[in-house]
Amino acid sequence: MELIHLVMDIVLPPLLLIFVLMVLPPYVIYKLVITIIRMFTVEDLSGKVVLITGASSGIGEQMAYEYARKGARLALVARREKKLQEVVEKAREFGSPDAIVICADVSISNDCKRFVEETVNHFGRLDHLVNNAGINTAFYFEESEDISSSIPVMDINFWGSVYPTSFALPHLKSTKGKIVVIGSASAWLYGPCLSIYGASKAALENFYQTLRVELGSSVKITIASPGFIESEINQGKYLAADGTVQVDKEKIDIVVSQAIIGSFPVKSAMDCAKNIVNGVRRGDRYVIDPSWLRFVYVTKVLIPEVAEWFFRVLFVLKPKTTTVNAAVQTCNEVVEI
């Protein structure tokens, strides 16, 4: 067995290099042609049924408006009924012919089964499932007093997308529908303070990449990787360690703005949602927004040590004020986005 691995270590690298050099030129031409074709063959969303989780605020809310402008029928899911009602009313004003509110918790499997069934029972079909619901947590790992308080991050960010997908898949296959996954650039960047959050998003991305292989063309999957989005730092709402929802905008501003974002530019949720929906209509496999993050990804792949050093100098080694330190120590509380 060891001999086989030794032979493969010697033979496979040059063979794979030759294969890549042969395949790359026609592949680039193919991608260019497909990109041009997709510019003129975007999906018509009129009358399509779209289920969006986490639709009460942020990217989810703005995606509801974007789908509404294209004439889609909407099933909007979140825990806050009053806020959802407001979003539904605006969506109807923007052009959605029908929109319904479903209160549910995506981290509960039975809730996910219920809102998928309610959507199909009301509209008779399902064309797009937008897995947007998520929460954020920001803290330096070694300063966390109780790491178990971050368990809801995985429950919501990962299982909160997997549960709806499992129940929606039969309906999506029957309509040749699409799954839209709102991931994060933190899934592949080294974001200090975002170890747990980034891990949950990395698990999410890996799951849907695998699912894409399993499903083939029966259900298309678009994975969105937003960067720093305005809505994620302005909500000021978080899930405390005792399970209560609280609001402390100052704490969020301190931890996220100073400890995480630094000098990086922040983009509006509206622009981000528009780019994601346009990418979904084109059938894009990935949507990275803002697009300059693609070059950050290339840097991370080609010179990972330099990328690690940059993030450490920018976010970890710089002097932290007393206020930031105090906020970071309490950041085992989970921030809802």
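**Exercise 1. Which residues does Thr53 touch, not counting residues up to four places away in sequence?**

*Solution.* Keep in mind that this is a predicted model. Start by placing the residue: Thr53 lies in strand β1, which covers residues 49–53. Next, list its contacts beyond the local stretch: Val77, Val106, Phe115, Val130, Asn131, Asn132 and Ala133. Then look at accessibility: the relative accessible area of Thr53 is 0%, and buried means under 20%, so Thr53 is buried. Finally, try a C-alpha distance: Thr53 and Gly160 are 107 residues apart along the chain, and their C-alpha atoms are separated by 9.0 Å.

**Exercise 2. Work out the strand order of the open sheet and find which strands stand at its edges.**

*Solution.* Write down the order of the seven strands: β3-β2-β1-β4-β6-β7-β10, with parallel pairing. Now read off the ends: β3 (99–103) and β10 (286–289) each have a single partner strand, so one side of each is left without a neighbour in the sheet. For the twist, neighbouring strands are turned by 15° against each other on average, direction ignored. Zoom in on one pair: β2 (residues 73–78) runs parallel to β3, and five bridges join them. One residue pair to look up is Ala78, whose bridge partner in β3 is Cys103. To finish, add a helix: α5 (residues 151–175) packs on the sheet and touches β4 (128–131) and β6 (178–182). The direction of α5 makes about 175° with that of β4.

**Exercise 3. Decide whether Ser225 is buried or exposed, and list its contacts.**

*Solution.* First find the residue: Ser225 belongs to strand β7, residues 220–226. Its relative accessible area is 3%, so Ser225 counts as buried. Setting aside neighbours within four places in sequence, its contacts are Gly183, Ser184, Ala185, Trp188, Glu205, Val287, Ile288 and Asp289.

**Exercise 4. Describe how helices α2 and α9 pack.**

*Solution.* Take the geometry first: α2 (residues 58–69) and α9 (residues 269–282) have axes 8 Å apart and meet at an angle of about 55°. Angles from 65 to 115 degrees would be roughly perpendicular and those under 35 roughly parallel, so this pair is oblique. The crossing of α2 past α9 is right-handed. Now turn to the residues: α2 contributes Gly58, Ile59, Gln62, Met63, Glu66 and Tyr67. On the α9 side are Ala269, Met270, Cys272, Ala273, Lys274, Ile276, Val277 and Val280. Sorting this contact by class gives 10 nonpolar, two polar and two charged residues.

Technical notes: Residues numbered from 1 in each chain as written. Predicted model: local features only at pLDDT ≥ 70, side-chain atom pairs only at ≥ 80, totals over all residues. Heavy atoms only, no water. Axes fitted to C-alpha atoms, helices over the stretch in contact; angles between N-to-C directions. Helix = DSSP H or I, 4+ residues; strand = E, 2+ residues; numbered from the N terminus. Parallel < 35°, antiparallel > 145°, perpendicular 65-115°, else oblique. Left-handed = near helix turned anticlockwise from the far one by under 90°. Contact = heavy atoms within 4.5 Å. Nonpolar A, V, L, I, M, F, W, Y, C, P; charged D, E, K, R; others polar. Buried < 20%, exposed > 50% of the residue type's maximum accessible area, 1.4 Å probe, protein only. Pairing = 2+ DSSP bridges.
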